[in-house]
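Trainee: I have a new model open and I'd like to learn how to read it. Can we start with a small detail and work outwards?

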Amino acid sequence: MIMQKVIFRKIRIKSYKPGRSVILNKKKVIKLSANESALGLSRRVKKGLSKIGSLSKYPDSKSKTLRTEISKKFRCNFDQIICGSGSDEIIQMICQLFLRKSDEVIVPKFSFLMYRIYSGIVGAKVIYSKENNYKISIDNILKKVTKKTKIVFLANPNNPTATYLTALELKDLRRRLRSNILLVIDDAYQEYMMNKDYKSGLELFKNKNNVFILRTFSKIYGLASLRVGWGYGSKEIVQALMKIKPPFNVTKIGELSAIESLKDKKFIDKSIKHNKKWADIIKANFENFNINTNEVSANFLLLNFDKSKISAKKFKNKLEEKGIIVRSLEVYGIKNKLRVTIGNSKENKFLIKTLKSIFSNV
Ligand SMILES: Cc1ncc(COP(=O)(O)O)c(C=O)c1O
């Protein structure tokens with residue numbers, strides 16, 4: 001018999017490369033490369049996990065208890081919430097549901113990579129809008145719209161630039177965008193936002209059928225490794241997503257932890273205060289060495305080395321010699337800049353000490 005090869009689709013995308021979390025020959029590292037929670041897991045979540053009970057049965061496939069708690073906390077409709085294995089999985093399902101080969105998706109050039117990756121996997125064409133000084137440009141997004149545009153994805157505040165669109169700007173975008181284009185607003189870092197002219201996607205567009213909101217438990221709630229996120233959209237969209245959702249995509253541990261973390265207001269308030277305090281301190285310290293950053297908004301800073309005595313690449317290598325990992329932005333096509341996550345107090349102090357010692361030797 002002639003051996004025939006099994007054939008599969010050619011996948012022409014660059015896969016996601018997570019930020020490094022290890023350094024060769026270093027037992028302990030300080031990881032400031034993935035915008036995770038500075039304060040780890042709240043005590044309430046740790047305590048709550050002792051009530052987990054049996055793990056030998058499948059979890060609730062519809063995450064009903066978590067969706068009920070989310071609807072209470074954020075004053076939104078239970079039927080319009082879908083939970084996922086991270087917001088990542090929700091992005092994937094949105095692409096599966098909305099996109100076909102001939103469709104176009106607009107994403108800002110410097111935006112979270114999974115929007116372009118999942119759009120590319122289902123065969124849609126990804127069109128990049130240009131930023132204006134690292135801020136998303138509404139005019140440029142609108143310029144890229146064609147008859148084929150199906151979705152516009154954006155994160156607000158944006159990763160990796162840490163800039164944001166004001167509430168007025170977001171409303172303006174929705175008003176000027178054709179009504180049959182889905183606007184997906186990723187609120188991943190919204191809890192950190194103290195800026196008065198900002199409003200989250202959920203606050204602004206709860207009742208809009210052509211806006212879909214993404215939220216995650218991986219950032220301020222400290223559950224990155226448990227993989228829990230949620231999406232909010234019209235009843236019709238959520239019902240359709242429920243049909244394509246893997247049946248047990250949120251684990252029992254993930255669901256319970258997410259519920260406990262939502263109830264821990266003290267921990268969230270503490271995390272917000274910690275973030276603002278340290279982001280200001282770290283920003284000022286970097287600026288002392290002519291490394292400028294954006295206005296503080298999320299739990300990370302974009303460090304610009306254009307006026308610094310050392311290049312971003314050299315600085316990153318020097319940090320790694322001391323066991324500190326930050327994110328290079330070359331994958332986004334952003335040159336001579338680094339992204340640093342705000343860590344816990346000890347990590348931040350060590351970062352600042354290392355920064356000073358690096359510059360004392362140049
Ligand atoms: C803007 C944005 N959206 C979504 C995610 C992924 O979140 P999750 O862990 O819920 O998949 C990230 C993670 O870095 C992010 O920066």
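Mentor: Sure. Start with two aromatic residues: Phe112 and Tyr115 are both buried. Keep in mind that this is a predicted model.

Trainee: How are the rings of Phe112 and Tyr115 arranged, and why is the pair called that?

Mentor: For ring pairs you look at the angle between the planes: over 60 degrees counts as edge-to-face, under 30 as stacked. Here the planes of Phe112 and Tyr115 stand at 80°, with the ring centres 5.6 Å apart, so this is an edge-to-face pair.

Trainee: And what kind of pair do Tyr115 and Phe153 make?

Mentor: Their planes are at just 5° and the centres are 4.9 Å apart, so Tyr115 and Phe153 are stacked. This pair ties together distant parts of the chain, since Tyr115 belongs to helix 4 (residues 113-121) and Phe153 to strand 7 (residues 149-155), 38 residues apart.

Trainee: Are Tyr115 and Phe153 buried or exposed?

Mentor: Check the relative accessible area; under 20% means buried. Tyr115 has 0%, so it is buried, and Phe153, at 1%, is buried too.

Trainee: How many aromatic pairs are there by this rule?

Mentor: The count is 13. There is also an aromatic cluster, formed by Phe286, Phe289, Phe305, Phe315 and Phe359.

Trainee: What about a residue in a loop? Where does Phe74 lie?

Mentor: Look between helix 2 (64-73) and strand 2 (81-84): Phe74 sits in that loop. Being in a loop doesn't settle the burial question, so check the number: Phe74 has 15% relative accessibility and counts as buried.

Trainee: Which residues does Phe74 contact, beyond its neighbours within four places in sequence?

Mentor: Phe74 touches Leu202, Lys206, Arg215, Tyr221, Trp230 and Leu262.

Trainee: Now the whole chain. How many helices and strands does it have?

Mentor: You'll find 12 helices and 15 strands. To judge overall packing, set the radius of gyration beside the globule rule: both come to 21 Å for the 362 residues, so the chain is as compact as a globular protein of that length.

Trainee: What share of the residues is buried?

Mentor: Of the 362 residues, 54% count as buried. For contacts, look at sequence separation: among those with a separation of 6 or more, 74% join residues 24 or more positions apart.

Trainee: And how are the charges placed?

Mentor: Compare the mean positions: those of the 74 positive and 30 negative charges lie 4 Å apart.

Methods: Residues numbered from 1 in each chain as written. Predicted model: local features only at pLDDT ≥ 70, side-chain atom pairs only at ≥ 80, totals over all residues. Heavy atoms only, no water. Helix = DSSP H or I, 4+ residues; strand = E, 2+ residues; numbered from the N terminus. Rg over C-alpha atoms; globule rule 2.2 N^0.38 Å. Buried < 20%, exposed > 50% of the residue type's maximum accessible area, 1.4 Å probe, protein only. Contact = heavy atoms within 4.5 Å. Lys, Arg positive; Asp, Glu negative; His and termini not counted. Charge placed at Lys NZ, Arg CZ, Asp CG, Glu CD. Phe/Tyr/Trp six-rings, centres within 6.5 Å; stacked < 30°, edge-to-face > 60°.
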